[in-house]
Amino acid sequence: MGDLTIYHNPRCSKSRQTLELIRSKGVEPEIVFYLEDVPSADDIADALRMLGMKPMEIIRKNEAEFKEHFAGANELTDDQLIELMRLYPKVIERPIVVNRGKAAIGRPPKNVLGILQECFRNVLSMFLKLF
């Protein structure tokens with residue numbers, strides 16, 4: 001089940017709860033500490049596509065970095081917002097869980113259960129192909 005990835009901030013309680021929920025289902029995800037291993041602009045754009053969201057929908061507007069660096073955010077293009085998200089990743093909503101072209105935000109943590117079900121379906125399908 002190595003296809004499941006969580007973009008994780010261990011200081012965030014929802015991120016920790018989401019990781020715990022994933023592990024409680026017997027899945028060990030790839031963990032990306034996105035504040036240290038900052039996603040590229042392409043990675044952010046891919047996550048947005050998988051989420052079916054626009055940049056402003058996953059930006060944490062109460063973060064100090066948002067208030068300091070995102071002046072006039074409503075006037076910026078998606079590409080400009082994505083570049084700012086890359087430069088200031090703390091504003092990205094967390095956690096984001098990705099699996100095989102689908103993504104979910106773990107707020108609340110149970111939002112990722114659909115992604116986990118897909119993960120289990122993939123494993124079951126691979127298992128059945130063996131017989």
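The chain has five helices and four strands, and the model you're working with is a predicted one. Grab your viewer and try these.

**Exercise 1. Get the layout**

Work out in what order the elements of the chain run from the N terminus, and what share of the residues counts as buried.

*Solution.* Start at the N terminus and walk along: the elements run β-α-β-α-α-α-β-β-α. Next, check accessibility. Of the 131 residues, 41% count as buried. Then turn to contacts between residues at least 6 apart in sequence: 61% of these join residues at least 24 apart.

**Exercise 2. Look into the largest pocket**

Find out how many residues line the largest pocket, which element gives the largest share of that lining, and how the lining splits by class.

*Solution.* Begin with the space itself, which comes to about 190 Å³. The lining is made by 13 residues, and nearest the centre of the pocket you'll find Tyr-7, Pro-39, Asp-43, Ile-44 and Ala-47. Helix H2 (41–51) and strand E3 (96–99) are the elements that give two or more residues to this lining. Of the two, H2 supplies the largest share, with five residues. Last step, sort by class: ten nonpolar residues, three charged ones and no polar ones.

**Exercise 3. A bridge across the sequence**

The structure holds eight salt bridges. Take the one between Arg-100 and Asp-3 and say which parts of the chain it links. Are its two partners buried or partly exposed?

*Solution.* First the distance: the side chains of Arg-100 and Asp-3 meet at 2.6 Å, N to O. Now place the two ends. Arg-100 sits in the loop between E3 and strand E4 (102–105), while Asp-3 belongs to the segment before strand E1 (5–8), so the pair links distant parts of the chain, 97 residues apart. For accessibility, partly exposed is the class between 20% and 50%. Arg-100 has a relative accessible area of 47%, so partly exposed is the class to pick. Asp-3 comes out at 37%, which makes Asp-3 partly exposed as well.

**Exercise 4. Trace a network**

Start from the salt bridges Glu-63 to Arg-94 and Glu-93 to Arg-107. Which residues do salt bridges with shared partners join into one network?

*Solution.* Take Glu-63 and Arg-94 to begin with: their side chains meet at 3.9 Å, N to O. Glu-63 is in the loop between H2 and helix H3 (64–69) and Arg-94 in the loop between helix H4 (78–87) and E3, so this bridge ties together parts 31 residues apart in sequence. Both Glu-63 and Arg-94 are buried.

Move on to Glu-93 and Arg-107, whose side chains meet at 2.7 Å, N to O. Because Glu-93 lies in the loop between H4 and E3 and Arg-107 in the loop between E4 and helix H5 (113–129), the pair ties together parts 14 residues apart in sequence. Glu-93, at 18% relative accessibility, counts as buried, whereas Arg-107, at 31%, counts as partly exposed. Put the shared partners together and the network reads Arg-60, Glu-63, Glu-93, Arg-94 and Arg-107.

**Exercise 5. Zoom in on Glu-63**

Which residues does Glu-63 touch, leaving aside those up to four places away in sequence? And with which side chain does the side chain of Glu-63 make a polar contact?

*Solution.* Check burial before anything else: the cut-off is under 20%, and Glu-63 has 12%, so Glu-63 is buried. With the sequence neighbours up to four places away left out, Glu-63 touches Lys-90, Val-91 and Arg-94. Finally, the polar contact is with the side chain of Arg-60, at 3.1 Å.

Technical notes:
Residues numbered from 1 in each chain as written. Predicted model: local features only at pLDDT ≥ 70, side-chain atom pairs only at ≥ 80, totals over all residues. Heavy atoms only, no water. 1 Å grid on protein atoms, 1.4 Å probe; cavity = no way out; pocket = protein on both sides within 12 Å on 5 of 7 lines; lining within 4 Å. Points joined across faces, edges and corners; volume = space filled by probe spheres on them. Nonpolar A, V, L, I, M, F, W, Y, C, P; charged D, E, K, R; others polar. Salt bridge = Lys/Arg side-chain N within 4 Å of Asp/Glu carboxyl O. Buried < 20%, exposed > 50% of the residue type's maximum accessible area, 1.4 Å probe, protein only. Polar contact = N/O pair within 3.5 Å; in protein donor to acceptor, adjacent residues only side chain to side chain. Contact = heavy atoms within 4.5 Å.
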